[in-house]
Amino acid sequence: MKELAEDFKSIAKKDKPLFAWMAVNFLLSLWLFLIPFLNLNAGRAKIWARYSDIDNGYAQNDWWYLLSFAVLAITFGIGHTLIAARLHTKRGGDIARLFLFISAIIVIVGIRFLLNIIGEG
C-alpha cells in the first residue's frame, strides 16, 4: 500500500498529464456511478427503461439492473486508476496514459448507453 501511495506522489509531482488523465477517468466514472442513483426510484418494484433506439421500445425491469452500471463505474474509476499507477511504475507513462485513454472511452460509451437506457440520451 505504501508503494502505491509513493507511485501516486511521484505521478502528481513528475507526470502532470498522466495525473490529469487519472482525474478525468475518475470523474467520468463518478458520473457513471451517480447517473443510476439519480434516476433510481427504488420504492417501485419495476422501472421503465428504454432498450432500443430502433423501435423506441420501452420495458419494465428491476430497478437494481441500473446498479450494475455503478459496479462498472467503481471498476473503471478506482481499479483502472490503480492499474495505471502501477503501469506507470513498471512500464512507463505512455502505456499508462494509453490505458487511461482507452478506459475513458469505454466509460463514455457506458455513460451514453446508460443515458439511452433511462431514456435521456
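This passage walks through the overall make-up of a predicted model, then turns to one helix pair and one histidine.

The chain holds four helices and two strands. Read from the N terminus, these elements follow the order α-α-β-β-α-α. Of the 121 residues in the chain, 32% are buried. The accessible surface amounts to about 7500 Å², and carbon and sulfur atoms contribute 68% of that area. Contacts that link distant parts of the sequence are well represented: among contacts with a separation of 6 or more, 65% join residues 24 or more positions apart.

A helix pair offers a good place to look in more detail. Helix α1, spanning residues 2–14, and helix α3 have axes that come within 10 Å and cross at roughly 75°. Because angles of 65 to 115 degrees count as roughly perpendicular, α1 and α3 are therefore roughly perpendicular to each other. On the α1 side, the contact is built from Glu3, Leu4, Asp7, Phe8 and Ile11, while α3 supplies Thr81, Leu82, Ala85, Arg86, His88 and Thr89. By character, the residues of this contact of α1 with α3 comprise five nonpolar, three polar and three charged.

Helix α3, which covers residues 67–90, also contains His80. The relative accessibility of His80 is 15%, and since buried means under 20%, His80 counts as buried. Leaving aside residues up to four places away in sequence, His80 touches Asn25, Thr75, Phe99, Leu100 and Ser103.

Key: Residues numbered from 1 in each chain as written. Predicted model: local features only at pLDDT ≥ 70, side-chain atom pairs only at ≥ 80, totals over all residues. Heavy atoms only, no water. Buried < 20%, exposed > 50% of the residue type's maximum accessible area, 1.4 Å probe, protein only. Contact = heavy atoms within 4.5 Å. Axes fitted to C-alpha atoms, helices over the stretch in contact; angles between N-to-C directions. Parallel < 35°, antiparallel > 145°, perpendicular 65-115°, else oblique. Nonpolar A, V, L, I, M, F, W, Y, C, P; charged D, E, K, R; others polar. Areas by Shrake-Rupley, 256 points an atom, 1.4 Å probe, with all protein chains shown as cover.
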